[in-house]
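Work through the following exercises with the sequence and the coordinates open beside you. Each task is followed by a solution that goes step by step.

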Amino acid sequence: MNTKAKGKYVPFPPIDLPDRTWPGKRIKCAPIWASVDLRDGNQALPVPMTVEKKLRMFAELVRCGFKEIEIGFPSSNPTEFEFVRRLIGEGLVPDDVTIQVLVQAKENLIKKTVESLVGAKKAVIHLYNSTSPSQRRIVFGLEKPDIVRIATDGAKRVADLSVELLSGTDLTLEYSPESFSATEVEFSVEICEAVMDIWKPTSAKKMIINLPDTVEVAMPNVYADQIELFSRSISRRDSFTLSVHTHNDRGTGVAATELALLAGAERVEGTLFGNGERTGNLDIVTVALNMHMQGIDSGLDFSDLDRIRAEYEACTGMEVPPRQPYAGELVFTAFSGSHQDAIRKGFMARKKALQSIQNPVWDVPYLTIDPEDVGRTYAEVIRVNGQSGKGGVAYILETECGICLPKEMQREFGPIANDLIDRLGKEARAFDLEAMFRREYIDRQAPYALLGFHAGNDADVFWFRGTLSRNGSPFDVSGSGNGPVAAFMDALRTAGVEAQVLDYHEHALGQGSEASAIAYVSLRFPDGGVRWGAGIDPSIETASLRAVISALNRR
């Protein structure tokens, strides 16, 4: 930090609340979610959404399950006003969805805002004015009573016009002391009490008091203290819903929201993926899926998160970063070898558990939720680069190519593949790994090649007669044993090729009439060296013999 900054910044004062209760509480149910993508998110875009894009985004928010959606700032410009009128006039708002509009506590803006809602079935008018010391001093040059008067004048105007123009609307009123987190709690209580005196909410007809963390100025625990102290201090607590609206200036918007919920918040405003002014709003996707991870039903549907992300990017022109929690391209991906091994074993353990338990508790290392819950495939979970290990290579070969390497063979091929990937200098996809595997094991034709053979059995004795070549020179061999591979190894010994079979595995490769077989053979040679081989053929017998030849060629 520049030494000239010394004394330039001071710590935000803590809240005197020694008997705070929120640290010992747990979140047990989801809050009311209110999307502000179409207002707060939209106003922060370099190019705000057109009416058509806002309609598309509104439809996506409805699909996600939002029941309260702030649709704009209709007094700000014709596009915003037109959008509100389109939604209402064309009947595009579902009966169970409440639309919300924002307005500053200014006479000339309030009338246009209320007019925009004429004909709406269910709506929220969200009134706000700035209350923090710096706003009072620097922006307005006003004292506290003047700031209270701005709020109450605005509240009166909203109430009067609502009676006049919105008699047929199920209307809820919302008030925000903007910059609540930078405002003295006692003054926030005072100004909210003054607004409540005008709107006269009851437990049967509640208003919303929204306490925004408009700019993060302190740690999230301080915000939680502010919420709890406010909730304790204000009267008529049962006559309003306590809402929060956090931003992300310190990178702790999610934490601030979660702690605020512990402290008594009942409603959360935010956006998909945290779009918003400066460093953004709260990312509702993250908070909702954090709840999902704790076994709490969020009430929102993010089961196709890739589609939601695509719609968001198409409407806003923004991009979701690859490391964005839950939604980013790489968040369920492991490149590290040890992580890959743990994930692979976790999947194996879960597969085994599913055989006896209908819905076992999710417990896969490094994966906080099941990627399938948000529409991601397991194929994305493990990806391979030069930092990966044998487990990742084996996992991709098995899940995407159907090649199930025996454990000991993984130890042999893993380092070989990693060396090749390192030289490749980029992430290796499934087709890269399969090509590496085939070059290393399947496609080797020298020094030995199997040119043709006949095999059979008489009682319990198997026999083999065939022609091989060594460095291009053909020779005939024959032998017998207790199985096809044993008979082939006996035939090789007659030609001076000494080796012992240590391990053997086989399985189908593919399904249906076009399926082939793949065999894996491990050979030990007289000098103690061990090599694996692999062979593929429609006939499992031929695949086994090719696997032996593969191991010989890799000696």
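**Exercise 1. Strand β6**

Determine how many of the residues of strand β6 (residues 207-213) are buried, and state which of them point one way and which the other way.

*Solution.* The model is a predicted one, and the strand is taken as it stands there. Strand β6 is mostly covered, since seven of its seven residues are buried. Sorting the side chains by direction, one finds Met207, Ile209, Leu211 and Asp213 pointing one way, while Ile208, Asn210 and Pro212 point the other way, and all of these are buried. The next step is to look for a partner: strand β5 (residues 170-178) pairs with β6 in the parallel sense, over two bridges. In the register of this pairing, Tyr175 stands opposite Ile209 of β6.

**Exercise 2. The open sheet**

Give the strand order of the open sheet of three strands that contains β13, and explain why β12 and β14 each have one side without a neighbour in the sheet.

*Solution.* The order is β12-β13-β14, and the pairing is antiparallel. Because β12 (500-509) and β14 (530-537) stand at the edges and each has a single partner strand, one side of each is left without a neighbour in the sheet. From one strand to the next, the twist averages 15°. Turning to a single pair, β13 (residues 516-524) and β14 are joined in the antiparallel sense over eight bridges, and Arg524 is found opposite Val530 in β14. Helix α14 (residues 407-424) packs on this sheet, where it touches β13 and β14, and the direction of the helix makes about 100° with that of β14.

**Exercise 3. Two helix pairs**

Classify the crossing of α16 with α17 and that of α4 with α6, using the angle between the axes in each case.

*Solution.* Two packed helices are described by the angle between their axes and by the distance between the axes. For helix α16 (residues 484-494) and helix α17 (residues 540-553), the axes come within 10 Å and cross at roughly 40°. Angles under 35 degrees count as roughly parallel, and the crossing angle of this pair therefore makes α16 oblique to α17. The crossing of α16 and α17 is right-handed. On the side of α16 the contact involves Pro484, Val485, Phe488, Met489 and Leu492, which meet Glu541, Ser544, Leu545, Val548, Ile549 and Leu552 of α17. Sorted by class, this contact has nine nonpolar, one polar and one charged residues.

For helix α4 (residues 107-116) and helix α6 (residues 144-165), the axes also come within 10 Å, and they cross at roughly 30°. This makes α4 roughly parallel to α6, and the crossing of α4 and α6 is right-handed. The contact is formed by Glu107, Ile110, Lys111, Val114 and Glu115 from α4, together with Gly154, Arg157, Val158, Leu161, Ser162 and Leu165 from α6. The classes in the contact of α4 with α6 are five nonpolar, two polar and four charged residues.

**Exercise 4. The surroundings of Tyr326**

Locate Tyr326, decide whether it is buried or exposed, and follow its contact with Thr286.

*Solution.* Tyr326 has its place in the loop between α11 (305-316) and α12 (337-354). Its relative accessible area is 8%, and because buried means under 20%, Tyr326 is buried. When residues up to four places away in sequence are not counted, Tyr326 touches, among others, Val285, Thr286, Leu289, Asn290, Met293, Phe332 and Arg376. Of these, Thr286 belongs to helix α10 (residues 284-293) and is likewise buried, with a relative accessible area of 6%. Beyond its neighbours within four places in sequence, Thr286 is in contact with Val254, Pro325 and Tyr326. A further distance helps to place the tyrosine: the C-alpha atoms of Tyr326 and Phe273, which are 53 residues apart along the chain, are separated by 9.6 Å.

**Exercise 5. Backbone details in loops**

Find the omega value of the peptide bond from Ala446 to Pro447, and the phi values of Arg278 and Tyr366.

*Solution.* The bond from Ala446 to Pro447 is cis, with omega near 5°, and Pro447 lies in the loop between α15 (430-442) and β9 (448-458). Arg278, in the loop between β8 (267-270) and α10, has phi near 55°, a positive value in a residue other than glycine. Tyr366, in the loop between α12 and α13 (390-401), has a positive phi near 75°. With a relative accessibility of 52%, Tyr366 counts as exposed.

Terms used: Residues are numbered from 1 along each chain as its sequence is written. This is a predicted model: local features need pLDDT of at least 70, side-chain atom pairs count only at pLDDT 80 or more; totals for chains, interfaces and linings use all residues. Side-chain values use heavy atoms; hydrogens and water are left out. Two strands pair if DSSP finds at least two bridges between them. Helices (H or I, at least four residues) and strands (E, at least two) are DSSP runs, numbered from the N terminus. Axes are lines fitted to C-alpha atoms, for helices over the stretch in contact, and angles run from 0 to 180 degrees between N-to-C directions. Contact means heavy atoms within 4.5 Å. Angles under 35 degrees count as roughly parallel, over 145 as roughly antiparallel, 65 to 115 as roughly perpendicular and the rest as oblique. A crossing is left-handed if the near helix is turned anticlockwise from the far one by less than a right angle, and right-handed if clockwise. Ala, Val, Leu, Ile, Met, Phe, Trp, Tyr, Cys and Pro count as nonpolar, Asp, Glu, Lys and Arg as charged, and the others, Gly among them, as polar. Buried means under 20% relative accessible area, exposed over 50%, partly exposed in between (1.4 Å probe, protein chains only).
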